[in-house]
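Reader: Please give me a close look at the salt bridges, and at the stretch of chain around one of them. Keep it brisk.

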Amino acid sequence: MAESQAGERSEQATPKRLKEAREKGQVARSRELTTALLLITASILLYSFSASIGAGFAKVARQAFTPSRDHIFTDKLMLSAIAELLFEAMIAVAPLFLILFAIALLTPMLTGGMSFSFKAISPQASRMSVLKGFKRMFGLHALIELLKALAKVSVVFIVGYLVLAQIYPQLIELGAGSVNAGIGQAMDLVARSFFLVSLSLLLIALIDVPYQIWNHARQLKMTKQEIKDEYKETEGKPEVKGRIRQTQREMAQRRMMDAIPDADVVVTNPEHYSVAIKYDAMRSSAPVVVAKGVDIIAMQIRKVAIANDVPIMAAPPLARAIYHTTEIDQEVPQGLYLAVAQVLAYIFQMRSFSEGKSAKPKPLKDLPIPDDLQFD
């Protein structure tokens with residue numbers, strides 16, 4: 001039972017799965033929507049440009065049926081005349097085909113967005129599999145496509161029959177008028193009929209678009225185990241993450257120890273805490289913590305400080321306050337400015353005294369630590 005639930009594709013696709021599917025060219029697409037919009041656009045354009053297209057074809061017809069004697073009896077002139085007629089016909093329908101080409105490119109983006117993938121057009125052995133070919137031919141997808149095709153044929157046949165029955169008298173009357181008038185009327189009838197038949201396909205598209213979106217999401221659904229495996233691949237296995245964090249801590253500790261020789265003072269609670277402070281008026285507006293630690297790390301900080309002649313000062317309340325309120329490479333809190341300033345001033349005076357430049361300063365007592373920064 002548990003294995004059945006684990007293998008059931010009940011979870012929505014993750015962003016990573018969706019991205020991989022898009023890279024493979026697997027996006028929601030509705031051919032019915034593309035077909036419907038193409039035909040509707042073509043019918044509108046045909047109706048809009050029917051006069052110019054009709055005039056163009058009338059011109060081609062006149063030139064084709066009234067050739068000169070030279071064109072008839074000269075092979076080269078006949079070929080050039082045919083080329084000119086073809087060019088005139090292409091010019092007449094060129095705007096229509098250019099706009100339809102743009103529609104054919106842009107319409108698929110309405111459902112799945114812009115997507116172009118070389119993987120989708122590259123040869124794949126699975127596509128040449130006979131067994132999978134039979135599954136595609138007789139599977140659920142093939143059945144749905146068959147039903148859509150039957151629905152399209154039925155809808156188009158019914159609408160086409162109704163439209164033809166309505167315009168039949170006008171079609172009969174076309175032969176009674178002049179050629180120019182007949183061509184214009186015929187273009188108008190074709191455009192209107194084409195538009196009405198094309199609208200019928202929009203009904204199929206309105207049903208097909210939601211289905212394609214739903215079917216695409218269904219095909220990309222994942223099992224719970226697949227989501228767990230993807231999470232492990234993305235985030236890393238717990239043991240690997242643990243080693244990475246340990247390595248990061250070691251690197252951060254090495255950088256911290258390397259910064260201690262440049263510190264101005266190490267403030268300690270002799271038994272547990274050590275905090276190294278540096279003040280550079282050119283780089284910061286307040287003293288900065290360059291290293292801190294408790295127990296073993298605190299002892300290592302003191303060892304490095306002693307080895308590099310960095311002054312060490314015991315001030316337990318201040319050491320605890322700085323350790324608990326300030327991270328490495330951060331300035332000390334404003335409430336500790338006065339206490340830290342007194343410590344630095346004392347250290348600078350002791351350094352001056354050791355060089356014989358001033359008198360020995362008095363030991364510091366009762367540093368001003370605000371009550372909200374007191375830590376036991």
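Author: A salt bridge here is a side-chain nitrogen of Lys or Arg within 4 Å of a carboxyl oxygen of Asp or Glu. The model is predicted. By that rule, the count is four salt bridges.

One of them joins Arg-17 to Glu-226, with closest N and O atoms 3.8 Å apart. This pair links distant parts of the chain. Arg-17 belongs to helix α2 (residues 15–23), while Glu-226 belongs to helix α12 (residues 224–235). The two residues are 209 residues apart. Glu-226 has 25% relative accessibility, so it counts as partly exposed.

Another pairs Glu-32 with Lys-152. Here the closest N and O atoms lie 3.1 Å apart. Again distant parts of the chain are linked: Glu-32 sits in helix α3 (residues 31–48), Lys-152 in helix α10, 120 residues apart. Buried means under 20% relative accessible area. Glu-32 has 7%, so it is buried. Lys-152, at 26%, counts as partly exposed.

Helix α10 covers residues 140–173, and Leu-147 is also placed there. Leu-147 helps make a nonpolar surface patch of about 500 Å². The other members of that patch are Leu-140, Leu-143, Leu-146 and Leu-150.

Now the pair with its surroundings. Lys-292 forms a salt bridge with Glu-327, and the closest N and O atoms are 3.8 Å apart. Lys-292 is in strand β3; Glu-327 is in the loop between α15 (316–325) and α16 (337–354). They are 35 residues apart and link distant parts of the chain. Lys-292 has 14% relative accessibility and therefore counts as buried. Glu-327 has 47%, so it counts as partly exposed.

Look at the strand that holds Lys-292. Strand β3 spans residues 288–294. Six of its seven residues are buried, so the strand is largely enclosed by the rest of the structure. It pairs with strand β2 (residues 273–278) in the antiparallel sense, over six bridges. In that pairing, Ala-276 has Ala-291 of β3 as its bridge partner.

Go on along the chain. Asp-295 lies in the loop between β3 and α14. Its phi is positive, about 55°, although Asp-295 is not a glycine. At 45% relative accessibility, Asp-295 counts as partly exposed.

Helix α14 comes next, with twelve residues (296–307). At 1.5 Å a residue they should span 16 Å. The end C-alpha atoms of α14 are 17 Å apart, which agrees. Which residues of α14 are buried? They are Ala-298, Ile-301, Arg-302 and Ala-305. Around the axis these cover an arc of only 95°, so they are on the same side of α14. An α-helix has 3.6 residues a turn, so residues three or four places apart point the same way. On the face turned away from the buried side, α14 carries the exposed residues Ile-296, Lys-303 and Ala-307.

Just after α14 comes Asp-309, with a positive phi of about 60°. Asp-309, too, is a residue other than glycine. Its place is the loop between α14 and β4 (312–314). Exposed means over 50% relative accessible area. Asp-309 reaches 69%, so it counts as exposed.

To recap this stretch: β3 holds the buried Lys-292, and α14 has its buried residues on the same side. Asp-295 lies in the loop between β3 and α14, and Asp-309 in the loop between α14 and β4.

Conventions: Residues are numbered from 1 along each chain as its sequence is written. This is a predicted model: local features need pLDDT of at least 70, side-chain atom pairs count only at pLDDT 80 or more; totals for chains, interfaces and linings use all residues. Side-chain values use heavy atoms; hydrogens and water are left out. Buried means under 20% relative accessible area, exposed over 50%, partly exposed in between (1.4 Å probe, protein chains only). Helices (H or I, at least four residues) and strands (E, at least two) are DSSP runs, numbered from the N terminus. Two strands pair if DSSP finds at least two bridges between them. Patches are made of residues with over 30% relative accessible area and no salt bridge: like charges are joined within 9 Å, nonpolar side chains (Val, Leu, Ile, Met, Phe, Trp, Tyr) within 5 Å. Accessible areas come from the Shrake-Rupley method with a 1.4 Å probe; for residues, only the protein chains shown count as cover. The expected span of a helix is 1.5 Å times one less than its number of residues. The arc is that of the directions from the helix axis to the C-beta atoms.
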